[in-house]
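Reader: I am new to this structure and would like to know how its descriptive terms are justified. Please show it first, and then I will ask about the wording.

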Amino acid sequence: MEDIFKVHHEDARNIDKIIKNKIVDVTITSPPYFDLKDYGSDNQIGYGQDYEAYLDDLKIVFQKVFNVTKESGTLWVIIDAYRREGEVVPLPFDFSHKLREVGWKLKEVIIWGKDRTVPWAHKGQMRNLFEYILVFSKSDDFNFYIDEVRDFETLKKWWVKYPERYNPKGKTPDAIWNFDIPTQGSWGNGYIRHFCPLPEEMIEQMLKLTTKEDDVVLDCFSGSGSVLSKALNMKRRYIGFELNQEYIDMFHNYIKETNEEKSSKYCISKKNRIGQAKFEKLVNDLRALKYARLLYKKLQTEGFKNVLKIYVKRTYTLSNGDRKYLKVKYLFLLEDRSRKNEIAKKVEDWTKKAPFSKFGIAPTYLYTHKVTSFIEILTNEKKDLYIYDFKATHRFVKKIKIEELNRSGKNNVIISSIQVDLNESDYA
Ligand SMILES: C[S@@+](CC[C@H](N)C(=O)[O-])C[C@H]1O[C@@H](n2cnc3c(N)ncnc32)[C@H](O)[C@@H]1O
């Protein structure tokens with residue numbers, strides 16, 4: 001059987017001649033421009049066509065892309081509006097209507113902010129600094145791995161104080177993407193001379209969002225192959241269609257020269273994601289501790305002064321459908337047993353309401369008034385203990401051994417083997 005995972009020197013309208021089954025996970029493509037640009041081959045879509053014929057041809061191509069896409073699949077189209085005789089032709093929107101007729105569901109419109117353009121514009125116009133990126137899905141149950149692209153490095157300092165408000169995996173990217181257009185020199189070392197390839201980081205973001213390793217990536221207008229080469233670097237399989245053989249040859253040269261280095265860079269960047277895992281753990285730790293502190297404060301203000309200390313033990317994360325909960329054990333040390341049942345009842349009630357219900361914590365509560373049994377439970381941990389006071393739980397006050405517990409001070413009410421020592425100003 002012929003290998004289909006390559007660039008085919010073939011008209012994109014003939015996708016069905018090459019791909020016979022629903023094997024495509026994602027298509028990322030920028031269609032040929034309408035009328036303006038000659039890509040130097042017969043049968044090209046766009047050049048010399050009228051607008052309706054152009055849109056109809058694109059519809060045929062994306063109908064076929066739809067047919068070979070898995071139910072979980074997505075489609076990214078980079079497309080720009082343009083002007084005719086001083087008027088805007090809203091191509092991205094006309095195009096979206098055509099695709100809806102085929103069955104594609106428009107899920108998102110992203111603005112791609114580009115850095116470079118001419119420093120002037122005609123009357124009634126601004127300098128054109130963006131293009132549209134349209135994101136379509138085949139069904140409502142499509143692959144979208146948002147955690148893969150969450151930003152956890154530039155979160156404001158507030159997550160230290162308000163960990164319950166932040167997704168522990170980081171911030172969701174917004175719908176304006178800023179990626180610089182690659183310069184001739186940076187992409188292709190002189191191989192690419194004819195038009196602007198897409199920025200590598202932007203393609204990487206799309207691939208991370210909608211594919212995993214070994215998935216199948218299609219670009220039906222592959223040009224210089226910037227989508228396909230990135231797919232290869234990131235260990236995805238690729239299929240391309242391109243009418244101009246010269247561009248295909250350039251693509252082959254390019255991957256021969258660069259794939260080894262770029263693939264190893266990809267492997268390194270995968271390892272760097274450990275940073276994200278650390279951040280997630282930290283936000284979860286902060287949540288578990290702050291929850292105990294708020295409970296303590298609430299008990300105090302409601303007059304339950306016989307609560308002396310709360311020990312916090314994080315166990316594991318529990319998934320319930322889309323939501324994840326932290327399983328956390330809270331052990332209360334009481335001065336005496338007098339109001340134990342009353343306290344337990346109150347705490348259960350508060351747990352169901354804000355702010356406690358906002359923490360994503362599935363708590364278990366234990367109560368004791370015997371210091372010995374409190375210590376017994378703690379000794380099972382066989383770890384150092386960190387003490388936090390009732391004012392802040394993002395910095396431990398001191399580290400103690402279990403025997404020192406009685407002397408840990410009146411204000412030092414939260415005890416845990418969780419160690420958090422954050423200086424707020426470092427995260428500003
Ligand atoms: C905007 S360019 C794609 C650029 C590409 N994304 C890149 O990064 O280099 C559109 C490409 O579609 C190709 N093309 C035009 N009509 C085609 C057709 N009917 N079938 C396949 N490719 C076609 C053109 O030769 C051109 O290379």
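Reader: What makes helix 2 and helix 3 oblique to each other?

Author: In this predicted model, the axes of helix 2 (residues 51-68) and helix 3 (residues 91-102) cross at roughly 45°. Angles under 35 degrees count as roughly parallel, and 65 to 115 as roughly perpendicular. The crossing angle of roughly 45° fits neither range, and therefore the two helices are oblique to each other. Their axes come within 9 Å.

Reader: Which hand does the crossing of helix 2 and helix 3 have?

Author: Helix 2 passes helix 3 in a right-handed crossing. A crossing is called right-handed if the near helix is turned clockwise from the far one by less than a right angle.

Reader: Why is helix 5 called oblique to helix 6?

Author: The axes of helix 5 (residues 200-210) and helix 6 (residues 226-233) come within 10 Å and cross at roughly 60°. That angle makes helix 5 oblique to helix 6, because the roughly perpendicular range is 65 to 115 degrees and the roughly parallel one is under 35. The crossing of helix 5 past helix 6 is right-handed.

Reader: What makes the approach of D11 to the ligand a polar contact?

Author: A polar side-chain atom of D11 lies 3.1 Å from a nitrogen atom of the ligand. The cut-off for a pair of N or O atoms is 3.5 Å, so the pair counts as a polar contact.

Reader: Which backbone atoms come into polar contact with the ligand?

Author: Among them is a polar backbone atom of A12, 2.9 Å from a nitrogen atom of the ligand. A polar backbone atom of I45 is 3.0 Å from a nitrogen atom of the ligand. The protein covers 98% of the 610 Å² of accessible area that the ligand has on its own.

Reader: How many residues surround the ligand, and of which classes are they?

Author: The ligand is surrounded by 23 residues, and the closest are A12, S30, S224, S226 and E242. A residue belongs here if one of its heavy atoms lies within 4 Å. By class, twelve are nonpolar, seven polar and four charged.

Reader: Where is the cis peptide bond that ends at P355?

Author: The bond runs from A354 to P355, with omega near 5°. P355 is placed in the loop between helix 9 (340-351) and strand 13 (361-368).

Reader: What is notable about the phi of E85?

Author: E85 has a positive phi of about 45° although it is not a glycine. E85 sits in the loop between strand 4 (82-84) and strand 5 (87-89).

Note on methods:
Residues numbered from 1 in each chain as written. Predicted model: local features only at pLDDT ≥ 70, side-chain atom pairs only at ≥ 80, totals over all residues. Heavy atoms only, no water. Polar contact = N/O pair within 3.5 Å; in protein donor to acceptor, adjacent residues only side chain to side chain. Areas by Shrake-Rupley, 256 points an atom, 1.4 Å probe, with all protein chains shown as cover. Nonpolar A, V, L, I, M, F, W, Y, C, P; charged D, E, K, R; others polar. Axes fitted to C-alpha atoms, helices over the stretch in contact; angles between N-to-C directions. Helix = DSSP H or I, 4+ residues; strand = E, 2+ residues; numbered from the N terminus. Parallel < 35°, antiparallel > 145°, perpendicular 65-115°, else oblique.
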